[in-house]
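Biologist: Please take me closely through one part of this model, namely its charged side chains and what lies around them. I'd be glad to have the cut-offs for each term as you go.

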Amino acid sequence: TLKDNNILTACSNPNNCVLENWKVANVDKSFKELIDILNNTPRTRIINIQEDYLHAISTSRVMQYVDDIEIKKIEKESVLKVKSKSRKGFYDLGVNKRRIDTLHFRLIDIYK
């Protein structure tokens, strides 16, 4: 969720939420690549895209749990803030961390 000052809120529960800052060479290009990656990720749907912000939801295959994925572009710092958070439950068994890691690896792989 975006705060009033247009930044992603911190994780209130680190057991089911991950927030990372990724330093990238080209923020716009990386942001567009992440849109493509998410559009091609099973059970993931982008529900809001703005110039510098993206919100997607991912639904687990078996239990149908819904997680929120948010990406915020910080151009002046060449940073993408990437957040993945479970909507329900206290502990996610590492699902959100794996999702963020996979997104990061897929993004890095594009530039190799």
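Modeller: Arg87 is a good place to start: its relative accessible area is 48%, which makes the residue partly exposed. On this scale, buried means under 20% relative accessible area, exposed means over 50%, and partly exposed is in between, with a 1.4 Å probe and only protein chains counted. Bear in mind that this is a predicted model, where local features need pLDDT of at least 70 and side-chain atom pairs count only at pLDDT 80 or more, while totals for chains, interfaces and linings use all residues. Residues are numbered from 1 along each chain as its sequence is written, and side-chain values use heavy atoms, leaving out hydrogens and water.

Now to the partner of Arg87. Its side chain meets that of Asp68 in a salt bridge, 2.8 Å from N to O. This pair joins distant parts of the chain, with Asp68 in strand E4 and Arg87 in the loop between E5 and H2, 19 residues apart. Helices (H or I, at least four residues) and strands (E, at least two) are DSSP runs numbered from the N terminus. Unlike partly exposed Arg87, Asp68 counts as buried, at 15% relative accessibility. A salt bridge here is a side-chain nitrogen of Lys or Arg within 4 Å of a carboxyl oxygen of Asp or Glu.

Strand E4 also holds Lys73, which has more than one contact to look at. The side chains of Asp28 and Lys73 form a salt bridge of 2.7 Å, N to O. Here too distant parts of the chain are linked: Asp28 belongs to helix H1 (residues 27–39) and Lys73 to strand E4 (residues 66–74), 45 residues apart. Lys73 is buried, with a relative accessible area of 9%, whereas Asp28 is partly exposed at 29%. Lys73 also meets the side chain of Glu75 in a salt bridge, at 4.0 Å from N to O, and Glu75 is partly exposed, with 45% relative accessible area. In addition, Lys73 lies over the face of Phe31, 4.9 Å from the ring centre. For such a contact, NZ of Lys or CZ of Arg must be within 6 Å of the ring centre and within 35 degrees of the ring normal.

To place these pairs in the whole, a search of the structure finds seven salt bridges. Elsewhere, Glu20, Lys97 and Asp101 are linked in a network of salt bridges.
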